[in-house]
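Trainee: I should like to look closely at the enclosed space inside this protein. Please take me through one part of the structure in detail.

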Amino acid sequence: MKYSLNQYLFLALITALACSPDKQNSERNTVNIGNASIEISDAWARPANAGMMTAAYFSITNNESYADTLLSVRYTNAADTQIHESFEAEDGMMGMRPVKSVAIPSGERVKLKPGGIHIMIIRPEMNLSEGDTIDLELAFSSEEVRLIRVPVRSN
Amino acid sequence: MRIFIALTLLLGAACQRTQVIDDLNDASFELVNQDSVSVTFPDDFKGKYVVMGFVYTNCPDICPLITQNMIKIKEELGSPDDVHFLGFTFDPERDTPAKLSEYKSAFRLDENFDFITGDTTTVSALMDSLRVRTQVSFTTTTEAGDELYFLNHSDKIMVMDPKSRVIIEYGGSQPMVPNLIVEDFQKIRR
């Protein structure tokens, strides 16, 4: 199988991201690998110690002419990663519920944020400290799988 | 005219008085902090203001917002010696002192900020007395096969005065809450 130079570069970037350790220098911006049809920005994850619970947040912009859907998020160094939503229950209590998917309409931006839809990272295998980064794999209904590098910070 | 001025002054003075939301003077709860040190609440904190939040460590979103708001209050007040910060868990079965110690270390908090747990009966009684409610919302099974439960819960930050009276209460996770509490605090301490 022959690859073009661009394909080689793309594969090299994916490989470098996948093989690199989680502990990296602090990066304020999300690192996106993939084409620009789906753009991920403003990503961050809250610090947590190993074995605890934390959350990641980001914005998704759909630059395509068709709707897309975020189906799942995976962080390989945790017991599980799920999409959840915080909400205010009728009795004034705050609650959380699982979300099967997140619709990203064409030309729109959907923000995952504290107090709303978020990515719950269950029991990370190592401490996630301010300045670290984690790699998340995002699967979309368009069959696109995006790998993003997310900085760990307090807010 | 003089009567009107006198009435206005009286009304103003009345409005300046601290409103007591809950009086905890007759209460006493035997608890422990994240270092397994015994804590008698509220007796151990008489003479200090106490900023109190209510969290559980398996909560990834709302409870960290409450904790983060408490940290902002602490920073904006300038970490005064006469104000202590307490994060009470309402999930004592899972939130052991060791878990709370991990939680505290993840937020890089100092000695003036403690997380509190205890036996389930005592914690439940404390939550009742402070009107903090919880309810299991759903359970999930991780890819590794572990079952986890999550809680719906009250969202509160309160301030207790040096006489063990709750005098300030707001929704704990809302972004404007640190400013509101700091403003109230400054008025009360004048």
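Mentor: About 80 Å³ of space lies in the largest cavity. A cavity here is a set of points, on a 1 Å grid over the protein atoms alone, where a 1.4 Å probe fits but cannot get out, and lining residues have an atom within 4 Å of a point. Grid points are joined across faces, edges and corners, and the volume is the space filled by probe spheres set on the points. Of the 13 lining residues, A:Pro47, A:Ala48, A:Met53, B:Tyr103 and B:Phe107 are the closest to the centre of the largest cavity. Two elements give two or more residues to this lining: β3 (53–62) of chain A and α3 (97–106) of chain B. Such helices (H or I, at least four residues) and strands (E, at least two) are DSSP runs, numbered from the N terminus. By character, the lining comprises ten nonpolar residues, two polar and one charged. In this scheme Ala, Val, Leu, Ile, Met, Phe, Trp, Tyr, Cys and Pro count as nonpolar, Asp, Glu, Lys and Arg as charged, and the others, Gly among them, as polar.

The model is predicted: local features need pLDDT of at least 70 and side-chain atom pairs count only at pLDDT 80 or more, while totals for chains, interfaces and linings use all residues. Residues are numbered from 1 along each chain as its sequence is written, chains are lettered from A and ligands numbered from 1 in the order in which they are written, and side-chain values use heavy atoms, with hydrogens and water left out.

The structure holds two cavities of 30 Å³ or more, and the second largest contains about 40 Å³ of space. Its lining divides into six nonpolar, three polar and no charged residues, and β6(A) provides the largest share, three residues.

Technical notes. 1 Å grid on protein atoms, 1.4 Å probe; cavity = no way out; pocket = protein on both sides within 12 Å on 5 of 7 lines; lining within 4 Å.
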